[in-house]
Amino acid sequence: MRPNTGPYPDIPSFIYGCTREIWEERGVGEKLRRYYADDCLVRAPSGLTTSMAGVAADTLATLHQFPDRQLVGEDVIWEDGGDGSFLSSHRLISVMRHLGDGGFGPASGALVKSRIIADCWVEDGRITEEWLVRDGAAFARSLGLSPRALAERLVTEDRAAGRPVAFFTPEQDVTGRYRPRIADDPAVARVVQGYQAIWDGKTPATIREHYFEGAAVAPPGGDTANGWGEIHRFVVGVLASMPDARLTIHGAVVNREPERPVRVALRWALDGTHGGWGRWGEPTGAALHVMGLSHLHLTQGQITAEWFLIDEVSIWKQILAECAPA
């Protein structure tokens, strides 16, 4: 059965198109009702949303603070479900100015750019489940703040309002209908093997085996790590902060198209304890859940480019929530 992409000819066109209709064309109410199921599940490091009404509220709050928001699509990696449904993994850059007061403080006029990856499961032309990760570190730095400073502001606001500090953990999750799978493909097997060796096996030496010597990796913060040495430093910084990290691969999709590298979309998580000095400062013993989405390009079995998305503002919120007074 052909995937149900509504008025659009294919899956990437559907994802680019509905994103444009909702955001650039500001069709918030009508278009969200058209493209999101009423009981959709949206999981992000900042928390869980369980309805289209919740998605609409979040969208309007964002547009109030960033009314000129534009979303620049970089890629869509997808998988046909075979029953009219499909899974898409959309990588994009959010470009906007901070022109309205709100949860991120008084309007500053700052130009804010951050990368996002959104994985969507679409049934009957409507998004039923979504996993969304924004580069919170790049977002914070665009506002002139460190990821920790922005997290401190958000934690203070949550506590002042009498709310629990907001971030996503697996215990909050709601079971949906989607059943993820890891595609049976040698490129996917290669990526999974590399992630397991590096992140679960704590063996950054295998970076040289799995990454091309001149590979470019986009880590959090809007930075680029070029080559084995810089990739190694980033990996060790994260692992030093979570020395007991356990990796879970939740799903993987692969696309092979002429004149393009092999493209893999990976959804994964790290769970462990903030137990050592590393990328996230002095250890606190806080339990951490790191939700991750990655896009990778492979040529001749080696990773040549990677977009590694985690939200370090939400990670800092988990750390600060452990330390801050109730």
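Trainee: In what order do the 6 strands of the open sheet stand?

Mentor: This is a predicted model. Its 6 strands form an open sheet with mixed pairing. Read across, the order is β2-β1-β6-β5-β4-β3.

Trainee: Which strands stand at the edges, and why is one side of each left without a neighbour?

Mentor: Strands of a sheet pair through backbone hydrogen bonds, either parallel or antiparallel. An edge strand here has a single partner strand, so one side is left without a neighbour in the sheet. The two edge strands are β2 (47-49) and β3 (70-80).

Trainee: By how much are neighbouring strands of this sheet turned against each other on average?

Mentor: Direction is ignored for this value. Taken on average over neighbouring strands of the sheet, the turn is 20°.

Trainee: How many bridges join β1 to β6, and which residue in β6 is the bridge partner of Leu41?

Mentor: Strand β1 covers residues 36-44 and runs parallel to β6. The two are joined by 4 bridges. For Leu41, the bridge partner in β6 is Glu129.

Trainee: Which strands does helix α1 lie across, and at what angle does α1 run to β3?

Mentor: Helix α1 spans residues 11-24. It lies across β1, β3, β4 and β5 (111-123). Its angle to β3 is about 145°.

Trainee: At what angle does helix α2 run to β1?

Mentor: Helix α2 takes in residues 28-35. It lies across β1 and β6. Against β1, the angle is about 90°.

Trainee: What is the volume of the largest pocket, and which residues are the closest to its centre?

Mentor: The volume of the largest pocket is about 1400 Å³. Its lining counts 48 residues. The closest to the centre are Ser46, Asp58, Thr62, Leu132 and Arg134.

Trainee: Which helix gives the largest share of the lining of the largest pocket?

Mentor: By class, that lining divides into 28 nonpolar, 11 polar and 9 charged residues. The largest share is 7 residues. They come from helix α3 (residues 52-65).

Trainee: Now the second largest pocket. Which element gives the most to its lining?

Mentor: This pocket holds about 330 Å³ of space. Of its 20 lining residues, the closest to the centre are Arg43, Trp131, Asp173, His250 and Arg267. Two or more residues each come from β6 (126-134), β9, β10 and β11 (287-299). With 4 residues, the element that gives the most is β10.

Trainee: How many cavities of 30 Å³ or more does the structure hold?

Mentor: Rolling a probe the size of a water molecule over the atoms shows where empty space is left. In the largest cavity, that space is about 90 Å³. In the second largest cavity, it is about 50 Å³. The number of cavities at 30 Å³ or more is 3.

Trainee: Which strands each supply at least two residues of the lining of the largest cavity?

Mentor: This cavity is lined by 13 residues. Leu87, Asp119, Gly251, Ala252 and Val253 lie nearest its centre. The lining has 7 nonpolar, 3 polar and 3 charged residues. The strands asked for are β4 (86-97), β9 (246-255) and β10 (262-273).

Trainee: Which element supplies the largest share of the lining of the second largest cavity?

Mentor: The lining has 9 nonpolar, no polar and 1 charged residues. Among them are Trp199, Phe234 and Glu306. At least two residues each come from α6 (186-200), β7 (211-218), α8 (227-241) and β12 (302-309). The largest share, 3 residues, comes from α8.

Terms used
Residues are numbered from 1 along each chain as its sequence is written. This is a predicted model: local features need pLDDT of at least 70, side-chain atom pairs count only at pLDDT 80 or more; totals for chains, interfaces and linings use all residues. Side-chain values use heavy atoms; hydrogens and water are left out. On a 1 Å grid over the protein atoms alone, a cavity is a set of points where a 1.4 Å probe fits but cannot get out, and a pocket is an open set with protein on both sides within 12 Å along at least five of seven lines; lining residues have an atom within 4 Å of a point. Grid points are joined across faces, edges and corners, and a volume is the space filled by probe spheres set on the points. Ala, Val, Leu, Ile, Met, Phe, Trp, Tyr, Cys and Pro count as nonpolar, Asp, Glu, Lys and Arg as charged, and the others, Gly among them, as polar. Two strands pair if DSSP finds at least two bridges between them. Axes are lines fitted to C-alpha atoms, for helices over the stretch in contact, and angles run from 0 to 180 degrees between N-to-C directions. Contact means heavy atoms within 4.5 Å.
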